[in-house]
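Visitor: Hello! I am new to reading protein structures. Could you walk me through one?

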Amino acid sequence: MAVNTLPQSTDPATLRQSQKDATLRPRDLADQLGVSEAHLLAARTGQHDGHSVTRIDPHPDRLMPALEKLGPLMALTRNDSIVSEVTGTYGGYRAGDHAALVLGDQIDLRIFPKHWVHGFAVEAETKQGLRRSFQIFDAAGDAIHKVYLPLDADPTDWLVLRDQLATGNTSDTLDTAPREAVEDAITDADKVEKLRSEWDALTDTHQFLMLTRKLRINRLGAYRMAGEPYARRLPAAAFGQLLTAIGETGTPAMIFVGNQGCIQIKSGRYGAVKPMGPWLNYLDPGFDMHLRNDHVAEVWVVTKPTRRGPAVSVEAFDDKGGLITQIFGHRTADVDHNRAWMDLVAGFATAQEAAE
């Protein structure tokens, strides 16, 4: 995300009036007004204009385990360039001080609790009916994760949970911290051989970020430093073409969409890509994904060794160096090596090379 600018106004009455008259989505309206999305919700704390907003405890240890009782829900995680919406149940919660997990029916999350700072339970009147959600934001007021109750679901358990999580804070103002600047590629030419030798020694993909921290570089910097066969850069347009190929071939894949507080993973097969203006969309049963294709500035095919064989990903970055999304081949306890994904990526990369 961009470095935070001073808001035009965080006056609650002004923000309520702006929302009352607006036709934009809350995130777009917040950007236009120079405030965070959480400021808009805080301004409506209580009952305003068909909305009921309650401040809640945002910690995942309280919210996530309780969601399983609510049945099927829609989980939404996004960043500036991509949105993932998955319908399923929030089962299998595993707490952790640094990282927590949700391993439910379809909903697969990696959670970083320190970024779960502001929480709201929201009831909003829409053209389709009253829509209920729990929404979590980071210290800057940017969305981390949202949980939507289906419009036709019995709200009883949702209301009980809202009241259990309510903090009693009725203020319609919100204190936020400046946004953290996106970190562009960090490289070190003197450490190229060290990077490559330790890359060869990886046995798990999770070790990669520990390696970059050790060398005081970052993910994108490592890709630029290592080069082939570790990381190969493709044209920016290749990412949209790959999404299309995944849908056309039915190749099972894992799509990672995240921000600093939450990563949402959707695994399986996907339908046809549907372009809408600058957006590329999967609109599948139980899963919607929306990618701002014009935000994709760099695309890398990355291979990391693991105990289970090579992990091959295709990763997209924006023009500031921020990670938009990663796609891996779908692996399960029963299927260790996704040959269809490996063949698709290898063939796709070769075709791109021939076209250059």
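Visitor: Which residue lies over the face of Tyr148?

Guide: Happy to start there, with one reminder: this is a predicted model. For a charge over a ring, look for the end of a Lys or Arg side chain above the flat face of an aromatic ring. Here Arg131 lies over the face of Tyr148, at 4.2 Å from the ring centre. You can find another case at Trp279: the charged end of Arg292 sits over that ring, 5.7 Å from its centre.

Visitor: How do I read a sheet, and what is the order of the strands in the open sheet of ten strands?

Guide: Go from strand to neighbouring strand and write down who pairs with whom. In this sheet the order is E1-E2-E7-E8-E9-E3-E4-E15-E14-E13, and the pairing is antiparallel. At the edges are strand E1 (46–48) and strand E13 (273–276), each of which pairs on one side only. On average, neighbouring strands of this sheet are turned by 20 degrees against each other, ignoring direction.

Visitor: How many bridges join strand E4 to strand E15?

Guide: Five bridges join E4 (residues 82–88) to E15 (residues 287–292), and the two strands run antiparallel. To follow one of these bridges, start at Glu85 and step across to its partner in E15, Asp288.

Visitor: Which strands does helix H4 lie across?

Guide: Helix H4 (residues 60–67) lies across strand E3 (73–78), strand E8 (129–137) and strand E9 (143–148). Its direction makes an angle of about 140 degrees with E8.

Visitor: How do I read two helices that meet, and at what angle do the axes of H6 and H8 cross?

Guide: Imagine a line through each helix, then look at the angle between the lines. The axes of helix H6 (residues 192–200) and H8 come within 10 Å and cross at roughly 100 degrees. The two helices are therefore roughly perpendicular to each other. Where they meet, Val192, Leu195, Arg196 and Trp199 in H6 face Ala222, Tyr223, Met225 and Ala226 in H8.

Visitor: What about aromatic rings: how many aromatic pairs are found in the whole structure?

Guide: A search finds eleven aromatic pairs. For each pair, check the distance between ring centres and the angle between ring planes. The rings of Tyr223 and Trp300 have centres 6.2 Å apart and planes at 45 degrees, so this pair is tilted. Tyr223 is in helix H8 (residues 219–226) and Trp300 in strand E16 (residues 298–304), so the pair links distant parts of the chain, 77 residues apart. Both Tyr223 and Trp300 are buried.

Visitor: Why is the pair of Phe256 and Phe328 tilted?

Guide: The ring centres of Phe256 and Phe328 are 5.3 Å apart and their planes are at 55 degrees, so the pair counts as tilted. Phe256 lies in strand E11 (residues 253–258) and Phe328 in strand E18 (residues 323–329), so the pair ties together parts 72 residues apart in sequence. Phe256 is buried, with a relative accessible area of 17%, and Phe328 is buried at 14%.

Visitor: Which residues form one aromatic cluster?

Guide: Trp199, Phe208, Tyr223, Tyr230, Trp300 and Phe317 form one cluster. You have already met Tyr223 and Trp300 as a tilted pair.

Visitor: One last residue, please: is Ser313 buried or exposed?

Guide: Ser313, in strand E17 (residues 311–317), has 0% relative accessibility and so counts as buried. Leaving aside neighbours within four places in sequence, Ser313 is in contact with Trp300, Val301, Val302, Lys304, Ile327 and Phe328. The C-alpha atoms of Ser313 and Val345 are separated by 8.6 Å, and these residues are 32 residues apart along the chain.

Key:
Residues numbered from 1 in each chain as written. Predicted model: local features only at pLDDT ≥ 70, side-chain atom pairs only at ≥ 80, totals over all residues. Heavy atoms only, no water. Pairing = 2+ DSSP bridges. Helix = DSSP H or I, 4+ residues; strand = E, 2+ residues; numbered from the N terminus. Axes fitted to C-alpha atoms, helices over the stretch in contact; angles between N-to-C directions. Contact = heavy atoms within 4.5 Å. Phe/Tyr/Trp six-rings, centres within 6.5 Å; stacked < 30°, edge-to-face > 60°. Buried < 20%, exposed > 50% of the residue type's maximum accessible area, 1.4 Å probe, protein only. Lys NZ or Arg CZ within 6 Å of the ring centre and 35° of its normal. Parallel < 35°, antiparallel > 145°, perpendicular 65-115°, else oblique.
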